[in-house]
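This report walks through one protein chain for a reader who has not met it before. Please keep the sequence and the structure in view while reading.

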Amino acid sequence: RVYLYASVQHGGAAARPLPIFAYPTNPIQDTPLHRALLVALDKWVACGTPPPASRIPQIVNGTLVPFTRAGEDFPRIPGVAFPTVANTHSHWDYSVVPPQLMPGQSYEPLVPKVDSDGNEIAGVRLPAVAVPVATYTGWNLRRADYAPGELASVRGSVFPFAETRAGRQAVGDPRPSLEERYASVQDYSERVAGVAERLEAEGFLLREDVERLVDVARKAVIPQRRG
């Protein structure tokens, strides 16, 4: 089985931020998925119960796209630059010294397609991604004085949504605000509960983590929609 945890940074939220990062690091906790899939693995080995089917982006359904296409799809968030470089791969001829790059033997990296918020579409989408309050990425950039614009290790980023429509319009943010997305904290927490319970039914979350995620959602700060 192969799974992609959508819009999660390498190492999860526990990964230590560094002063070279241009943006705040991705705070999504992916450990609930680890726990559920470890239980599924145990049942697979001990009882022959199949775990959830693989869930990854694919070329065939358009959820795995060239790096340059991902940049075109990513929303134009004020103050945020999409990477202009990627970890490309090339073939080298090691029969000569020094080794020579083989013309026409390189290829462009493929990455998960994102939605209009900039969150990854395919893979296992935790409630934080399926019912978002921010854009979450698996990439971060280096800031000034630290090779600006280069990829910053394997860490991700987070770009919160504006709280109100007026707030996002004032800065030119194309992403709907929290006020426009959710009628109330109850509306938001109910949507989180729906996603979490569906993931539980599919084998990606344990009941205790469903309850924990819903409890956190009930304490979220969501502006009351007006009118």
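The paragraphs below go from the whole chain to its cores, one helix and a few single residues.

**Basis of the report**

This is a predicted model, in which local features need pLDDT of at least 70 and side-chain atom pairs count only at pLDDT 80 or more, while totals for chains, interfaces and linings use all residues. Residues are numbered from 1 along each chain as its sequence is written, and side-chain values use heavy atoms, with hydrogens and water left out.

**The whole chain**

The protein chain has 7 helices and 6 strands, where helices (H or I, at least four residues) and strands (E, at least two) are DSSP runs numbered from the N terminus. Read from the N terminus, the order of these elements is α-β-α-β-β-β-α-β-β-α-α-α-α. Along the principal axes, the C-alpha atoms fill a box of roughly 70 × 55 × 35 Å. The accessible surface (Shrake-Rupley method with a 1.4 Å probe; for residues, only the protein chains shown count as cover) comes to about 12700 Å², and 55% of this belongs to carbon and sulfur atoms.

Of the 227 residues in the protein chain, 39% are buried; buried means under 20% relative accessible area, exposed means over 50%, and partly exposed lies in between, with a 1.4 Å probe and protein chains only. Contact here means heavy atoms within 4.5 Å, and among the contacts with a separation of 6 or more, 64% join residues 24 or more positions apart.

**The cores**

A nonpolar core is a set of buried Ala, Val, Leu, Ile, Met, Phe, Trp, Tyr and Cys residues joined through side-chain atoms within 4.5 Å. The largest such core has 27 residues, and those with the most contacts inside it are Leu33, Tyr188 and Leu205. The elements giving two or more residues to this core are α1, β5, α6 and α7, with α6 giving the most, 6 residues. Leu205, leaving aside neighbours within four places in sequence, is in contact with Pro32, Leu33, Ala36, Leu126, Ala196, Leu199, Glu200, Val210 and Leu213. A second, separate core of 6 residues includes Tyr23, Ile77, Leu141 and Phe159.

**Helix α6**

Helix α6 covers residues 185-202, and its 18 residues should span 26 Å at 1.5 Å a residue, which agrees with the 26 Å between its end C-alpha atoms; the expected span is 1.5 Å times one less than the number of residues. The buried residues of α6 include Asp187, Tyr188, Ser189 and Val192, and what covers the buried residues of this helix includes α3 (127-130), α5 (178-181) and α7 (207-217). Just after α6, Gly203 takes a positive phi of about 95°.

**Three single residues**

The table sets out where three residues lie and how accessible they are.

| Residue | Location | Relative accessible area |
|---|---|---|
| Thr25 | segment before α1 | 19%, buried |
| Ala46 | helix α1 (residues 31-47) | 57%, exposed |
| Pro148 | loop between β5 (134-137) and β6 (157-160) | 56%, exposed |

Not counting residues up to four places away in sequence, Thr25 touches Gln9, Pro17, Asn140, Gly156, Ser157 and Val158, while Pro148, with the same exclusion, touches Arg142 and Arg143. Ala46 lies 42 Å from Ala86, C-alpha to C-alpha, at 40 residues apart in sequence, and Pro148 lies 31 Å from Ala130, C-alpha to C-alpha, at 18 residues apart in sequence.
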